[in-house]
Amino acid sequence: MKLIVENLEKKFGKKEVLKGINFTFEKGKIYGLLGRNGAGKTTFFNCLNEDIDIDNGNLLIEDDTNNKRKLEVVDIGYVVSTPTVPEFLTGREFLKFFLEINEKKIDNIKTIDEYFDFMKIDKEDRDKLLKDYSHGMKNKMQMLVNIIAKPNILLLDEPLTSLDVVVAEEMKQMLKEIKKDHIIIFSTHIMDLALSLCDDIVILNNGILEQIDRNNLDDIEMKNKIISALKEEENV
Amino acid sequence: MFNTFIQSFKLRNCYKVNSIIYSIKQIPLIKRILPDSLYKSLILKIIGNIISIIWEISSIFLGKLIYIAAMIFGMMGLYTTNSSGTFLTIFTFLTIAGSLMNTYMFNPTKDKYYAMFIMRMDAKKYTISNYIYAILKVIVGFMPFTLIFGLIANINIGICILMPFFVASCKIIFSTYALNEFERKKVYINENKPVRFIWIIVGICLLLGYGLPYVGVTLSEIVFLVISILTIVVGIFCIKYILKFNKYREMYKSILTEDNMNAKKTAEKQVKDNILNQIDINEKISSNKKRFKYFNDLFIKRHSKILLKSAKKTAVISLFIIIGVIFVTLLNDTFKTKINELLMNSLPFFVFVMYIINRGQVVTQAMFMNCDHSMLTYSFYKTPKSILLLFKERIKSIVGINLLPAIVIGLGLPIILYVTGGTDNIYNYLILFVSIICMSIFFSVHHLILYYLLQPYNINSETKSSTYQIANFITYMACFYIYQAKMPTIYFGIGTIIFAVLYVIISLFIAYRLAPKTFRIRV
């Protein structure tokens with residue numbers, strides 16, 4: 001499966017944020033999306049997630065038999081950096097509701113507690129209202145709900161930055177485990193994280209997406225290459 | 001000290017000029033023409049500076065003119081006591097109240113924060129020099145108006161000249177007291193959030209100022225002279241304390257907090273927290289339903305404080321009012337005919353009543369803050385099918401809950417009509433009932449549809465579109481104007497029913513078509 005972005009354009013007023021992005025993302029990989037502040041990473045995600053209308057271009061899904069169709073909202077799981085969960089439900093109720101809605105889409109559904117175990121959410125927290133969850137726990141819930149439905153594409157916007165080291169490591173391992181079934185696009189400012197977790201590095205600069213090839217470079221060489229690429233674009 | 005003052009004045013002015021340019025940039029058409037580099041433009045800086053100077057000068061004089069003209073001089077006509085005494089009495093007590101409410105020193109403004117904490121200016125020098133400036137502004141600003149209005153009120157010219165010094169001394173004395181409180185107990189005063197004892201003193205002062213002349217007691221010129229000379233002497237001693245006080249930086253660290261400086265933002269956060277606190281944490285709440293019914297059911301149950309419980313309360317209160325009215329009509333014949341007339345001609349009045357008791361607006365706000373702002377980030381929740389399924393459940397719940405008080409009122413009105421002498425046209429009974437029910441359904445549907453079509457919030461619950469507010473305001477104004485109309489119930493009732501039915505059908509149709517597109521988090 002592939003996600004094909006063709007000539008994606010988005011303007012805000014006179015400001016062209018995305019200037020005709022052409023890129024193909026493939027299943028089984030984690031893509032590290034790097035870009036400077038204000039480069040348009042969130043705009044790019046919002047376009048994919050249909051939160052904002054695009055000005056021009058096509059967003060397509062190509063399945064393994066090379067059939068193309070339009071990208072739909074249900075293809076996407078979007079984990080935003082500030083965790084958002086319905087405050088008035090308990091963790092268990094939220095999962096129950098989610099599983100009922102998506103039961104047809106989920107193969108071999110597990111029990112609610114199995115999902116909690118998978119996400120390492122403590123027993124005593126499972127029946128608390130989500131409004132009383134800590135930041136890290138809310139983040140886990142949000143991530144869990146997004147991966148249970150196995151959306152084809154997972155968009156992660158700085159999801160690990162505010163987590164403590166243990167939870168962050170758990171999440172990293174979890175992402176590596178699930179990547180074979182998904183296209184994962186991971187937006188971050190932390191280069192070490194991008195290099196250690198992601199299979200490919202993509203930079204968004206000057207409104208265009210560009211892949212930075214590793215070509216057997218070590219981490220330091222790769223970092224320098226990324227930085228110079230980001231700076232270069234600035235001078236265009 | 002003088003240098004510090006000049007620097008801080010420049011800083012404040014720069015910040016003011018930029019605010020002025022920023023405001024100019026907010027004007028819809030102009031903002032498209034003007035570039036961001038505007039803040040560098042010399043001409044605009046000059047214009048900004050001129051406005052800023054005019055602003056500063058008018059802040060010295062204008063407020064004081066309005067204050068003395070409206071709150072003191074303008075009030076004198078209400079009293080029969082002699083003019084100089086009335087003027088002096090009101091002036092004295094309002095001055096005492098004002099010295100507590102308007103201190104300069106304890107007003108948490110951003111310019112203080114910028115100067116002392118961001119620019120790291122010397123807190124003591126900064127505060128004292130600016131305080132002297134503020135006090136001078138008080139004296140200079142008051143002088144022309146105590147003279148003009150004082151002389152008109154037949155007050156001795158010497159006393160007129162003394163009055164501004166009295167005001168300044170009162171402020172200085174209170175500031176000294178507050179500084180001393182901080183030094184001894186570490187409690188600080190925020191003039192924008194007065195504590196209870198300040199409110200009490202202000203209340204007493206207002207009462208004495210406006211009340212004493214009413215009962216014929218006023219301060220004579222001699223009494224005022226003695227009071228003000230004493231105050232000024234004490235004030236002079238207090239200046240020494242203010243100059244010696246050494247903990248300005250520490251004190252402002254407590255006063256200039258984010259919360260104190262951003263009153264508006266804090267209020268918004270308060271609203272958000274309040275709504276979050278409406279969630280009922282009772283663990284026994286559960287639901288046997290499934291999918292969206294389950295989701296909606298739990299939402300309604302966990303928000304019963306603002307939904308079912310509140311509707312029940314309204315229903316019970318309505319019931320009591322209805323019983324009360326019936327009871328009084330049985331005792332009093334004039335009241336009886338009046339009520340009968342009201343029911344036959346003033347159905348529009350109940351449009352407003354039904355608007356007020358409808359929970360729709362509060363509920364949609366809670367829906368967003370406690371539910372949709374998070375759920376709308378999940379793709380399964382945003383599919384047209386999901387949006388419409390939940391919309392249907394919500395319409396049912398909101399209409400149902402609001403019907404509770406509506407049925408009580410709808411049944412109560414025909415009964416009252418019957419008790420107060422009835423009507424020739426029997427349809428009036430039916431129309432009263434049906435039209436009240438229709439109004440209730442109308443408002444329930446209306447609020448939810450506005451929310452689904454014009455959802456105004458972004459992910460941080462900040463309002464991003466004013467269309468929703470404008471629509472709500474128009475609804476309010478319409479109800480308010482209708483409320484004063486008089487029309488035979490039979491016509492207005494039939495009109496209301498037809499309107500409500502058509503509105504509900506058409507708007508539901510529109511919502512079903514458009515909501516999947518419009519019900520999004522604003523970006």
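A pocket here is an open set of grid points with protein on both sides within 12 Å along at least five of seven lines, and its lining residues have an atom within 4 Å of a point. Keep in mind that the model is predicted.

**Exercise 1.** Work out which residues and elements line the largest pocket.

*Solution.*
- Start with the space: the largest pocket holds about 1500 Å³.
- Next, take the lining, which comes to 42 residues. Nearest the pocket centre sit A:Asn46, A:Glu50, A:Asp51, A:Ile52 and A:Asp53.
- Now sort by element. Strand 1 (2-12), helix 1 (41-48) and strand 4 (56-62) of chain A each put in at least two residues, and so does helix 22 (489-518) of chain B.
- Helix 1 of chain A contributes the most, with 5 residues.
- Finally, split the lining by character: 17 nonpolar, 13 polar and 12 charged.

**Exercise 2.** Find the strand order of the open sheet in chain A and say what helix 1 touches.

*Solution.*
- Lay out the 4 strands: they run 2-1-4-5, with antiparallel pairing.
- Pick the edges: strand 2 (15-26) and strand 5 (68-70) of chain A each pair on one side only.
- Check the twist, which averages 25° from one strand to the next.
- Zoom in on strands 1 and 4 of chain A, joined by 6 bridges. A:Glu6 has A:Asn58 in strand 4 as its bridge partner.
- Add helix 1 of chain A, which packs on the sheet and touches strands 1, 2 and 4 of that chain. The direction of helix 1 makes about 115° with that of strand 1.

**Exercise 3.** List the buried residues in helix 5 of chain B, then look at what follows.

*Solution.*
- Apply the cut-off: buried means under 20% relative accessible area.
- In helix 5 (residues 110-118) of chain B, that gives B:Asp111, B:Lys112, B:Ala115, B:Met116 and B:Phe117.
- After helix 5 comes B:Arg120, with a positive phi near 55°.

Notes. Residues are numbered from 1 along each chain as its sequence is written. Chains are lettered from A and ligands numbered from 1 in the order in which they are written. This is a predicted model: local features need pLDDT of at least 70, side-chain atom pairs count only at pLDDT 80 or more; totals for chains, interfaces and linings use all residues. Side-chain values use heavy atoms; hydrogens and water are left out. On a 1 Å grid over the protein atoms alone, a cavity is a set of points where a 1.4 Å probe fits but cannot get out, and a pocket is an open set with protein on both sides within 12 Å along at least five of seven lines; lining residues have an atom within 4 Å of a point. Grid points are joined across faces, edges and corners, and a volume is the space filled by probe spheres set on the points. Ala, Val, Leu, Ile, Met, Phe, Trp, Tyr, Cys and Pro count as nonpolar, Asp, Glu, Lys and Arg as charged, and the others, Gly among them, as polar. Buried means under 20% relative accessible area, exposed over 50%, partly exposed in between (1.4 Å probe, protein chains only). Two strands pair if DSSP finds at least two bridges between them. Axes are lines fitted to C-alpha atoms, for helices over the stretch in contact, and angles run from 0 to 180 degrees between N-to-C directions. Contact means heavy atoms within 4.5 Å.
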